Number of protein chains: 2
Amino acid sequence: MALRKTFLFMDTIINKVDAKGRVSLPSDYRAIVKELSTEIVCYRSLTSPCIEGCLEDLLDKLATDMENSLDFFSQTQDDLTNLIFGDAKRFAFDSTGRIVLTEKLLKHAQITDTAVFVGKGRKFQIWNPENWEKEEARIRAEVLKKRPSLAPKENVQ
Amino acid sequence: MALRKTFLFMDTIINKVDAKGRVSLPSDYRAIVKELSTEIVCYRSLTSPCIEGCLEDLLDKLATDMENSLDFFSQTQDDLTNLIFGDAKRFAFDSTGRIVLTEKLLKHAQITDTAVFVGKGRKFQIWNPENWEKEEARIRAEVLKKRPSLAPKENVQ
DNA sequence: TTGCATACCATATTTTCCCATGTTATATAA
DNA sequence: TTATATAACATGGGAAAATATGGTATGCAA
């Protein structure tokens, strides 16, 4: 496959999680990861009961931003990055495309036997199905309420 | 073919959708896509019962804009990226020029066996034929009402 | 040896690819 | 301009490949 210009995690995919914590990384995601690396990085979301995943490059960019930006000297931001880097862990997928999520991550996201992968552009999230259903409803309501100027239609057009 | 200067989706094309969800991307559209990529991105319109399609570059630009405009931990950015990228999906067309639309998209647009592609410049939309007929009438009426000075009647007379 | 994690194998299902055909559009020659 | 040949396109059906997922075996470490 020719090298892709863009690397965006998209779509919403539901996969089973077995007793060992094994779950298939959606093939679309794997295709993206494979072009740049062999593994992803996952960590507990700071703001939601879900797992976040991304390529290591993104965390590297975050580290660089922290070094360069005055904004990021704030105690809060400093604390947040501590939490992220302290929590993040690499996950390689096997020949069948599965990763093995840790107990810590699964517990944080309240995931037992089913996981929902939600694309987020440079990142993605992994949710408990019921939780994601509620979250998506909340977001839709919130976005429509807040401002049409932030709605996709206005930005993308 | 010489390199095109502009990349605008235009015209209105009606195509069949088979039981597998397969539908031919209009050849004019394919010609545009082929010059920049091998696939398109589709998602449910936030405001209308139709599918929207565009090139991935457009969403990539959006991802970059959001990274730069809002800070890494912004709640608003979080919500928007979930909503947009969680819904969008890449679609590659095969050697015969078809894409396979998902059940989710078809349902949102109320499309069963026929789809109407409507050019929209950088984007295009896919409609159920009846719905599009009504929508087009509505849009025309709306335009005439809002801008009487541009109405055909006044100009042609 | 036991527990745990990883690698390997098997299979049902889904998705993608390939070929065939009718139709439409385009080009060429009379 | 008309008739005919040629190419491009849309569309249906089936074969092949990829994916998700359960189960088993293997290796390492406590």
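In this predicted model, Arg22(B) reaches a base of DNA strand C: one of its polar side-chain atoms sits 3.4 Å from a base nitrogen. Arg22(B) also approaches DNA strand D, where a polar side-chain atom lies 2.6 Å from a base oxygen.

**DNA strand C**

Which residues surround DNA strand C? Chain A supplies Lys20(A), Arg22(A), Thr96(A) and Arg98(A). Chain B supplies Lys20(B), Arg22(B), Thr96(B) and Arg98(B). By class, this surface has six charged residues, two polar ones and no nonpolar ones. The strand C atoms within 4 Å of the protein belong to bases; sugar or phosphate gives 0%.

**DNA strand D**

DNA strand D has 24 residues around it. The closest are Lys20(A), Arg22(A), Arg98(A), Lys20(B) and Arg22(B). Here the backbone of the DNA takes part: sugar or phosphate accounts for 42% of the strand D atoms within 4 Å of the protein, and bases make up the rest. The surface near strand D divides into 12 charged, eight polar and four nonpolar residues.

Both chains build this surface. Chain A contributes strand S1 (12-16), strand S2 (22-24) and helix H1 (27-36), each with at least two residues. Chain B contributes strand S1 (12-16), strand S2 (22-24) and helix H1 (27-36), again with at least two residues each.

The polar contacts to the two DNA strands include these:

| Protein atom | DNA atom | Distance |
|---|---|---|
| Lys20(B), side-chain N or O | Strand D, base oxygen | 2.5 Å |
| Arg22(B), polar side-chain atom | Strand D, base oxygen | 2.6 Å |
| Lys16(A), polar backbone atom | Strand D, phosphate oxygen | 3.1 Å |
| Arg22(B), polar side-chain atom | Strand C, base nitrogen | 3.4 Å |

Lys16(A) uses a backbone atom and meets a phosphate oxygen. Lys20(B) uses its side chain and meets a base oxygen.

**The interface of chain B and chain A**

The two protein chains also touch each other. On one side are 39 residues of chain B, in contact with 40 residues of chain A. The area buried between them is about 3,600 Å². Carbon and sulfur atoms give 55% of that area.

How many salt bridges link chain B and chain A? The count is six. One salt bridge joins the side chains of Arg44(B) and Glu136(A), at 3.7 Å from N to O. The interface also holds 13 residue pairs in polar contact, both residues at pLDDT 80 or more.

On the chain B side, four elements each give two or more residues: strand S3 (39-44), helix H2 (56-69), helix H3 (75-87) and strand S5 (89-92). H3(B) gives the largest share, 12 residues. By class, this side of chain B has 16 charged, 15 nonpolar and eight polar residues.

**How the two copies relate**

Chain B can be laid on chain A with an RMSD of 1.4 Å. The operation is a turn of 34° plus a shift of 6.9 Å along the axis. The copies use different surfaces: 18% of the contact residues of chain B recur in chain A.

Notes: Residues numbered from 1 in each chain as written. Chains lettered and ligands numbered in written order. Predicted model: local features only at pLDDT ≥ 70, side-chain atom pairs only at ≥ 80, totals over all residues. Heavy atoms only, no water. Near = heavy atom within 4 Å. Polar contact = N/O pair within 3.5 Å; in protein donor to acceptor, adjacent residues only side chain to side chain. Nonpolar A, V, L, I, M, F, W, Y, C, P; charged D, E, K, R; others polar. Contact = heavy atoms within 4.5 Å. Buried area = accessible area lost by both parts, 1.4 Å probe. Salt bridge = Lys/Arg side-chain N within 4 Å of Asp/Glu carboxyl O. Least-squares fit on C-alpha atoms with pLDDT ≥ 70 in both.
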